[in-house]
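Biologist: I would like a close look at a single part of this model, followed by a connected account of how that part sits within the whole. Please take your time over it.

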Amino acid sequence: MMYLRLVHFILILLLLSISIDGFSQNNDNNHAYTLEEIIKLSKDKSLASLQANTIKENKYWQWKTFNSTYKPQLSMSGSLPGFNRTFQNVQQNDGSIAFVPVSYNYSTVDLSLSQSIGLTGGEVFISSKIEQFKNFYIDQTQYSSKPTFIGIKQPLFSYNALRWDRKIQPLRYAESQKKFSEDIENVGLQVSALFFELLISQKIYDISKNNLANNDAIYNIGKVRYSLGKISENELLQLKLALINTNKAVAQAALGAEVATLNLKSFTGFLGEGDVKLILPDSIPAFNINVDSVLSEGTRKRSDIVSYKRRTLEAERDVAEARGTSGFRANLVATIGLSGRGSAVSEVYRNPANEQSFNIGFNFPILDWGLRTSKIKTAQANKKLVEYTIAQEQINFGNQIRTQVKQFTMNRELVKINKEANEIAQKRYSISMKRYVVGDLGITDLNIALQEKDSAQSEYLFSLKNFWLSYQYLKVLTLYDFKNSKRN
């Protein structure tokens, strides 16, 4: 009897040391990452953040391209000397055709400065041009020049694309800047999910190893008791089956932790070789969030708000385009300048003559079988559809905010409840282990306590995950850090 009690006492000490070691074991990495560190590093270095930055850069250069179209454009065009030797048909005085040999080259240079007019959709320009023609058969060279040439091209009663672009493009650029902030916050949301995937997998692995050590010790106790006739063979086999199942659980948990590690490393791309040590974010910040503040921040910073304005203007633009491109259209082209000609370059700039031109071209559909009306009605119907769609999206956004605030509040309460339940379940299991070792508790009750312990710890970990993910999602919706009271 003394021997049995001594064995029980030693095993109790062994189990208690295993239990303590199992819940306090740490990763041997030199640095343990917090959730905030992982988020910050991912926003700086992950491929997702690099993609977001590249999209932002692309939108910036699109904006610069748009702005450049409203600035004066200086260009030079022309053709290098083009040589031709051939026969050309020439009509004679009697109406017959004679094929005359020709041999010549022709070249031209044109320097032009132009400026778009956003208000009217037209263009003004000033240019200087010189041409050369050399006839090799008669050894003659002629020059023609337009030293100064000023003109205007102006659509009349037509769709003005430039005016609409000046309204829409600034909104498009502002939208892209806000979208970049959302993309970066989405990186934080995605990596938070991967952080908890790995953290929970590691904790489950630790729990499994701890359970394996405990079940192994319990099985050894069972063998001693079985040899003393204290338990039946059926109970011993039950203990052995529990040990086998725990071994399988350890292998599965190890695989899950390995996969989760690869997922986090693949997303972040900077955590190096080996295991990744994470710190459990169990410190819940004490701040309150209400629906009005979240809605206020959401409507202030979200790209959707700018998108609503842009899409409304684009729908109005499409109606204007349908009206302006399918009815009466006219174009005014007017020029005034100086021109000269001569056999030498110096001659073309002597006493240049005045030159003017004025032209109005028009197009007026007489019979189009309802084509113009159909285009306008289609654009108007699309405009109404856009307005209704935006109205619904605004309602959905408000509902989404309200739901998320309630979800966040509920998740915070669940963390408190599950933390307390986890502490109780851990304590109950520890007591149950001691009672089983001294023979005061059956294996069925011990297994129930084990399952409740594991379940309580899992629920606590998942409630932490849900809390932080709901917080990160609020940051995506509002672009506001409620924890630190600052805008992103």
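Biologist: In which loop does tryptophan 369 lie, and between which two elements?

Modeller: This is a predicted model, and everything that follows should be read with that in mind. Tryptophan 369 is found in the loop that runs between β8 (353-363) and α9 (371-437). Its phi is near 55°, a positive value in a residue other than glycine. The residue has a relative accessible area of 76%, and because exposed means over 50%, tryptophan 369 counts as exposed.

A second residue invites a comparison of settings. Leucine 479 also has a positive phi, of about 55°, although it is not a glycine, and its place is in the loop between α10 and β9 (480-481). With a relative accessibility of 1%, however, leucine 479 counts as buried, whereas tryptophan 369 is exposed.

The element α10 (443-478) leads on to a pocket, since it is one of the elements that give two or more residues to the lining of the second largest pocket, the other being α2 (35-45). That pocket holds about 460 Å³ of space and is lined by 20 residues, among which Glu36, Ile39, Lys475, Lys483 and Asn484 lie nearest its centre. The element that gives the most to this lining is α2, with five residues. Sorted by class, the lining of the second largest pocket has eight charged, seven nonpolar and five polar residues.

Three serines give further views of the chain. Serine 68 lies in helix α3 (residues 47-68) and, at 32% relative accessibility, counts as partly exposed. Its C-alpha atom is separated by 13 Å from that of proline 170, although the two residues are 102 apart along the chain. Serine 114, in strand β3 (residues 97-117), has a relative accessibility of 16%, and because buried means under 20%, this serine counts as buried. Leaving aside neighbours within four places in sequence, serine 114 is in contact with Lys71, Pro72 and Gln73, and also with Glu123, Val124 and Phe125.

Serine 145 lies in strand β5 (residues 140-156) and is buried, with a relative accessible area of 1%. Not counting residues up to four places away in sequence, serine 145 touches Lys129 and Ile130 as well as Leu338, Ser339, Gly340, Val348 and Tyr349. Its C-alpha atom is separated by 58 Å from that of isoleucine 390, a residue 245 places away along the chain.

These local views belong to a protein with 10 helices and 10 strands. Its radius of gyration is 41 Å, well over the 23 Å that the globule rule gives for 488 residues, so the protein is more spread out than a compact globule. Along its principal axes, the C-alpha trace spans about 145 × 50 × 45 Å. Of the 488 residues, 38% count as buried, and serine 145 and leucine 479 are each described as buried at 1%. The accessible surface of the protein comes to about 28,200 Å², with 55% of that area belonging to carbon and sulfur atoms. As for how the chain meets itself, among contacts between residues at least 6 apart in sequence, 77% join residues at least 24 apart.

Key. Residues are numbered from 1 along each chain as its sequence is written. This is a predicted model: local features need pLDDT of at least 70, side-chain atom pairs count only at pLDDT 80 or more; totals for chains, interfaces and linings use all residues. Side-chain values use heavy atoms; hydrogens and water are left out. On a 1 Å grid over the protein atoms alone, a cavity is a set of points where a 1.4 Å probe fits but cannot get out, and a pocket is an open set with protein on both sides within 12 Å along at least five of seven lines; lining residues have an atom within 4 Å of a point. Grid points are joined across faces, edges and corners, and a volume is the space filled by probe spheres set on the points. Helices (H or I, at least four residues) and strands (E, at least two) are DSSP runs, numbered from the N terminus. Ala, Val, Leu, Ile, Met, Phe, Trp, Tyr, Cys and Pro count as nonpolar, Asp, Glu, Lys and Arg as charged, and the others, Gly among them, as polar. The radius of gyration is taken over C-alpha atoms; the globule rule is 2.2 Å times the number of residues to the power 0.38. Buried means under 20% relative accessible area, exposed over 50%, partly exposed in between (1.4 Å probe, protein chains only). Contact means heavy atoms within 4.5 Å. Accessible areas come from the Shrake-Rupley method with a 1.4 Å probe; for residues, only the protein chains shown count as cover.
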